Amino acid sequence: MIVVMQKGAGDDRIQAVSDLVTEWGLKPHVSRGEERTVIGLIGDESKVNEPALEMMSGVEKVMPVLKPYKRASLEFHAQRTVIKIPPARHGDRGLTLGGPGVLVMAGPCSVENRDMILALAAFLKGAGAHLLRGGAFKPRTSPYAFQGLGVEGVRYLSEQRSVVGLPVITEVMDVRDAEMIAEFADLIQVGARNMQNFALLKVLGRCRKPVMLKRGLANTLEELLMSAEYVINAGNEEVILCERGIRTFEPFTRNTLDLSAVPVLKRESHLPVVVDPSHGTGHWDLVAPMARAAVAAGADGLLLEVHPDPAHAISDGPQSLTPGRFKELMRELEAVAGAVGRHLG
Ligand code: PEP
Ligand code: MN
């Protein structure tokens with residue numbers, strides 16, 4: 001249930017509503033928007049005396065929230081979430097995700113070795129990428145496939161922060177690694193296969209770094225929003241939603257990239273939305289068109305796989321862009337972003 005306050009309702013009115021709600025054993029969540037304040041009620045709603053609330057001074061209306069996600073919903077949280085990403089190097093400019101700028105997160109599927117990360121990061125930075133992506137803990141379908149360099153990989157990603165200066169996004173697969181990843185990474189990625197690992201989501205709710213949730217291979221957008229709800233409810237409000245394609249019957253693409261997810265999530269939620277056209281399509285030649293389309297559809301960021309030599313990549317070579325193609329795409333994205341009133345960065 002949410003209580004919409006009248007325009008200009010003062011702090012004393014907001015406090016009075018919060019106090020009454022607290023008396024009933026619920027938690028008030030005050031969200032101050034530019035226009036007006038809304039107070040979300042969290043807890044057992046059977047305890048709420050709706051007419052009593054409606055009669056209070058300063059209250060405009062009391063509305064039931066029919067959606068199961070509350071704190072992730074735009075209805076509940078009038079202001080869009082803008083996530084601040086501090087600079088990797090002292091003196092550099094910080095980034096924001098969810099504002100007018102569109103952020104490009106680029107890098108290899110897997111961290112393969114130190115030289116590759118340092119050289120590729122330097123190239124990507126020069127080409128205008130904003131964050132470095134790279135998997136150190138890899139969720140592979142086969143137990144015999146490369147599982148990632150683990151902590152060593154995280155160290156290389158982290159090392160480039162002081163040399164090249166790109167903030168880092170990397171995946172956490174296990175609750176036991178959460179604290180370590182949260183310490184080294186700027187953004188914590190939860191892979192599609194772990195989107196409903198609720199134990200992991202609760203642990204990440206206690207971390208002080210933003211969490212990017214990738215949509216599960218067979219999950220609805222409502223389920224994605226409910227996973228975001230887990231993280232927010234556990235204490236971390238900095239959640240990013242990522243569309244990365246879902247399983248369908250279509251074999252021409254690895255997954256079916258659901259770009260309509262972008263406007264739907266933007267309508268339903270205040271959280272930033274990122275699109276991953278690399279895993280979404282599985283083929284490098286489809287990545288640029290879908291990346292351009294994602295920005296046109298309103299995405300706040302892109303997650304792109306780039307490899308110095310895709311033919312020899314340890315994982316996901318077929319969907320990886322070469323550095324040259326990445327550079328070309330950045331120029332195109334600048335133009336698309338401009339056409340929809342945004343910019344890169
Ligand atoms: C990845 O981005 O490295 C990855 C494994 O993606 P997904 O979880 O979407 O399959
Ligand atoms: Mn990959």
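**Chatting through a manganese site**

Biologist: Hi! Which residues are the protein donors of the manganese ion (ligand 2)?

Modeller: Cys109 (SG), His279 (NE2), Glu305 (OE) and Asp316 (OD) are the protein donors of the manganese ion (ligand 2), lying 2.0 to 2.4 Å from it. Donors here are N, O and S atoms within 2.8 Å of the metal (3.2 Å for Na, K and Ca), and water is not among the atoms, so sites may look incomplete. This is a predicted model, where local features need pLDDT of at least 70 and side-chain atom pairs count only at pLDDT 80 or more, while totals for chains, interfaces and linings use all residues. Residues are numbered from 1 along each chain as its sequence is written, chains are lettered from A and ligands numbered from 1 in the order in which they are written, and side-chain values use heavy atoms, with hydrogens and water left out.

Biologist: How are the donor residues spaced in sequence?

Modeller: The pattern is C-x169-H-x25-E-x10-D. Histidine 279 in helix α9 (residues 277–281) and aspartate 316 in the loop between β14 (301–305) and α11 (323–339) are 37 residues apart, so this pair links distant parts of the chain. Helices (H or I, at least four residues) and strands (E, at least two) are DSSP runs, numbered from the N terminus.

Biologist: Is histidine 279 buried or exposed?

Modeller: Buried, with a relative accessible area of 9%. Buried means under 20% relative accessible area, exposed over 50%, and partly exposed in between (1.4 Å probe, protein chains only).

Biologist: And what is the phi of aspartate 316?

Modeller: Aspartate 316 has a positive phi of about 55°, although it is not a glycine.

Biologist: New topic: what domains is the protein chain divided into?

Modeller: Domain 1 (2–63) and domain 2 (83–344), with bounds from an automatic or database domain assignment. Their centres, taken over C-alpha atoms, are 37 Å apart.

Biologist: How many residues are in the largest nonpolar core?

Modeller: That core has 70 residues, and Leu124, Phe326 and Leu333 are among those with the most contacts inside it. A second, separate core of 17 residues includes Ala9, Leu41, Leu53 and Val62. A nonpolar core is a set of buried Ala, Val, Leu, Ile, Met, Phe, Trp, Tyr and Cys residues joined through side-chain atoms within 4.5 Å.

Biologist: Back to leucine 333: what is it in contact with?

Modeller: Leaving aside neighbours within four places in sequence, leucine 333 is in contact with Val104, Ala291, Arg292, Val295, Leu302 and Leu344. Contact means heavy atoms within 4.5 Å.
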